[in-house]
Structures are given as structure tokens and as C-alpha cells.
Number of protein chains: 2
Amino acid sequence: MEVQLKRGSLEVCVLASLLREDSYGYKIIQSLQNVVEISESTLYPILRRLEASDCLKFYSVEHNGRLRKFYSITDKGKDRIKEYLQDFQELMNIFNYIAKEVRNDD
Amino acid sequence: MEVQLKRGSLEVCVLASLLREDSYGYKIIQSLQNVVEISESTLYPILRRLEASDCLKFYSVEHNGRLRKFYSITDKGKDRIKEYLQDFQELMNIFNYIAKEVRNDD
DNA sequence: TATAATACTATACAACACATAGTATGAAAT
DNA sequence: ATTTCATACTATGTGTTGTATAGTATTATA
């Protein structure tokens with residue numbers, strides 16, 4: 001999948017993955033494996049951005065002598081998801097336009 | 001519409017707008033007005049990129065004493081559109097995942 | 001005579017996906 | 001016993017792209 005097309009979706013994808021239950025970096029990547037390929041170097045900056053914009057908060061839990069950061073979605077994060085769903089409708093319009101022009105071209 | 005979500009779509013949108021007939025900058029913006037908001041500062045760099053990647057070629061036509069650049073889509077440009085349509089299917093998977101998680105959360 | 005529409009170029013910026021590399025622990029495999 | 005793998009996170013740097021802003025220049029309209 002072309003890189004640019006993912007933009008804006010990955011962030012919301014991460015948020016959505018936290019709706020069921022709190023989770024941490026490594027596990028988020030695994031839980032999203034069937035949906036979209038996302039690497040560490042992509043995920044962790046996303047987590048920091050989402051936290052900075054109050055869409056996520058986190059707490060640390062000790063695990064094997066080390067701290068594991070559990071992320072939890074906030075109300076603002078849930079609003080962010082709804083905005084995305086609306087924006088995606090507009091993107092669907094663009095897609096439909098392109099698909100229509102292609103059909104006309106045949 | 002959030003900026004990031006547009007990425008990768010605008011370019012293909014411009015290509016698709018040239019399937020019916022050759023066109024030039026100003027007219028492309030107008031013909032896309034109902035589909036997506038695209039400004040001059042967005043369109044002209046896109047046109048240059050598409051030309052650099054051989055997805056478009058152009059020819060100049062004199063109009064009122066000035067040259068007007070008419071753009072014409074190439075076979076490579078048409079292939080690019082088809083790639084986009086496929087990639088968009090993957091993006092739909094992401095969208096469906098997010099929508100599903102939201103439904104589960106209610 | 002000023003404004004709007006037409007038509008394009010140039011420069012600079014911020015966001016984001018991603019590569020690469022580094023740090024550190026415990027478990028499994030050879 | 002030592003390497004490898006899975007886990008878990010941080011830091012730095014890069015390229016693409018949408019967009020703001022500004023500049024240039026012509027013709028038509030108010």
C-alpha cells in the first residue's frame with residue numbers, strides 16, 4: 001500500500017485498537033497485524049502525539065522488573081475517531097469520482 | 001477534511017480529471033470543485049510531479065497572447081490510477097476495522 | 001480606474017510514515 | 001554456555017506532500 005494513502009488513518013487505527021481494552025506498544029502492533037502493517041518507528045511517535053493531544057493517557061505497570069506503558073483512550077480520543085469517520089466519507093467521494101471517471105473511460 | 005487524509009488521493013484525482021479530455025491548471029481546479037477543494041499551490045506542484053514521473057505530458061497552446069499548458073494523461077498515468085483503486089481497497093479495510101471497533105464500543 | 005477572473009511560478013513550512021540504530025531484559029534454542 | 005529471539009521502548013534523520021503566501025502578467029468587467 002502506498003505510503004501517503006495511509007496518512008491520517010494509522011493514528012485513528014491505533015485509537016480504535018484501544019477501545020476494547022488498554023494496551024501497550026508491542027501488543028498494539030500485534031493486534032493491528034491483520035488490519036495494517038505498522039512498525040515500531042511509526043507507532044511510538046503516534047502514541048506520543050496522541051498523548052500530547054490528550055487523545056490518550058498512559059500508566060506504567062511493572063512487568064519483569066521493567067515498566068510497561070499501558071495506554072488508555074480518552075473522551076477526546078473517541079471524538080477524534082468520530083471525526084475521522086466523517087472525514088472518510090469525503091474521501092469516499094473522491095474515490096467514487098475517480099472510479100466513475102475510470103468507468104467512463106472504458 | 002483533515003489534511004493528512006487527502007494525501008495520495010489528490011494526485012490521482014487530478015489524473016482522473018484528465019481522462020475525459022486534456023485540460024490546464026485553472027480549469028482542472030474548477031472541474032474538481034464539486035469533488036475536492038484544491039488550491040493553486042497544491043495543484044501546480046502535483047502537475048509537475050506527475051509530469052516528472054511520466055504520468056502526464058503537456059503541450060502549450062497560445063491563448064490571448066500567452067501560452068496555456070494543456071496536460072494529457074499517459075498510459076503510465078492510467079496505470080497509476082488503477083494502482084490507487086487497488087490501494088484504496090486496503091484503506092477500506094482500515095476504515096472497516098475502525099468502524100467495527102466503534103460499533104463494538106457502543 | 002479599480003477589481004475580478006484568468007494562469008502560472010517560486011519559496012518556505014509543518015506533519016507524518018518510515019528507516020536505522022541503540023538500549024535493555026528474559027526465555028528458548030543450539 | 002552462548003547465541004538468538006521475543007519483548008519494549010527511545011532517538012535521530014529523511015523524503016513526500018498539502019498548503020500558505022507572494023509575485024507576475026493579461027483580459028474583461030464594473
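Q: Hi! Looking at Q30(A), what does its side chain have around 3.4 Å away on DNA strand D?
A: Hi! A phosphate oxygen of DNA strand D lies 3.4 Å from an N or O atom in the Q30(A) side chain. Do keep in mind that this is a predicted model.

Q: Thanks. Which elements give two or more residues to the surface near that strand D?
A: Both chains contribute. Chain A brings α3 (25-31), α4 (40-52) and β2 (66-73), and chain B brings α1 (3-6), α2 (9-17) and α4 (40-52).

Q: And which of them gives the largest share near strand D?
A: That is α4(B), with four residues.

Q: How many residues surround DNA strand D, and which are closest?
A: There are 25 around DNA strand D, and the closest are Y26(A), E40(A), R68(A), R7(B) and S41(B).

Q: What's the make-up of that surface by class?
A: Near DNA strand D there are eleven charged residues, eight polar ones and six nonpolar ones.

Q: Back to polar contacts on strand D. What does the side chain of Y24(A) reach?
A: A phosphate oxygen again: an N or O atom of the Y24(A) side chain is 3.1 Å from one on DNA strand D.

Q: And what about the side chain of R7(A) on strand D?
A: R7(A) goes for a base: an N or O atom in its side chain is 2.8 Å from a base nitrogen of DNA strand D.

Q: How much of what the protein comes within 4 Å of on strand D is sugar or phosphate?
A: Of the strand D atoms within 4 Å of the protein, 66% are sugar or phosphate, and the rest belong to bases.

Q: Let's switch to DNA strand C. Which residues come nearest there?
A: Out of 24 residues around DNA strand C, the nearest are R7(A), Y26(B), E40(B), R68(B) and K69(B). Of the strand C atoms that come within 4 Å of the protein, sugar and phosphate make up 64%.

Q: Which side chains lie by a base nitrogen of strand C?
A: S41(A) is one of them, with a polar side-chain atom 2.9 Å from a base nitrogen of DNA strand C. E40(B) is another, where an N or O atom of the side chain is 2.6 Å from a base nitrogen of that strand.

Q: And what does Y44(B) contact on strand C?
A: The Y44(B) side chain has an N or O atom 3.1 Å from a phosphate oxygen of DNA strand C.

Q: Which elements supply at least two residues near strand C?
A: From chain A, α1 (3-6), α2 (9-17) and α4; from chain B, α3 (25-31), α4 and β2 (66-73). The largest share near DNA strand C comes from α4(A), which gives four residues.

Q: New topic: how many aromatic pairs does the structure hold?
A: Eleven over all chains. One of them is F58(B) with Y71(B), a tilted pair at 5.7 Å centre to centre and 50° between the planes.

Q: What does that F58(B)–Y71(B) pair tie together?
A: F58(B) is in strand β1 (residues 56-63) of chain B and Y71(B) is in strand β2 of chain B, so the pair ties together parts 13 residues apart in sequence.

Q: Are those two buried or partly exposed?
A: F58(B) is partly exposed, at 32% relative accessibility, while Y71(B) is buried, with a relative accessible area of 5%.

Q: How are the rings of Y84(B) and F88(B) arranged?
A: Y84(B) and F88(B) are tilted too, 5.8 Å centre to centre with 45° between the planes. They sit four residues apart in helix α5 (residues 75-105) of chain B, so about one helical turn separates them. Both Y84(B) and F88(B) are buried.

Q: Which residues do ring pairs link into a cluster?
A: Y84(A), F88(A) and F95(A), together with Y84(B), F88(B) and F95(B).

Q: What sits over the rings of Y24(A) and F58(A)?
A: The charged end of R68(A) is over the Y24(A) ring, 4.0 Å from its centre. Over the face of F58(A) you'll find K69(A), 4.5 Å from the ring centre.

Q: Last one: how many disulfides are there?
A: Zero, over all chains.

Q: Why is C13(B) not bonded to C55(B)?
A: Their sulfurs are 15 Å apart, which is too far for a bond, and C55(B) holds the closest cysteine sulfur to that of C13(B). C13(B) is buried at 0% relative accessible area, and C55(B) is buried at 5% relative accessibility.

Note on methods: Residues are numbered from 1 along each chain as its sequence is written. Chains are lettered from A and ligands numbered from 1 in the order in which they are written. This is a predicted model: local features need pLDDT of at least 70, side-chain atom pairs count only at pLDDT 80 or more; totals for chains, interfaces and linings use all residues. Side-chain values use heavy atoms; hydrogens and water are left out. A residue is near a molecule or strand if one of its heavy atoms lies within 4 Å of it. A polar contact is a pair of N or O atoms within 3.5 Å; within protein, one must be able to donate a hydrogen and the other to accept it, and residues adjacent in sequence count only if both atoms are side-chain atoms. Ala, Val, Leu, Ile, Met, Phe, Trp, Tyr, Cys and Pro count as nonpolar, Asp, Glu, Lys and Arg as charged, and the others, Gly among them, as polar. Rings of Phe, Tyr and Trp (its six-membered ring) pair if their centres lie within 6.5 Å; planes under 30 degrees apart count as stacked, over 60 as edge-to-face and the rest as tilted. Buried means under 20% relative accessible area, exposed over 50%, partly exposed in between (1.4 Å probe, protein chains only). A charge sits over a ring if NZ of Lys or CZ of Arg is within 6 Å of the ring centre and within 35 degrees of the ring normal. A disulfide is a pair of cysteine sulfur atoms within 2.5 Å.
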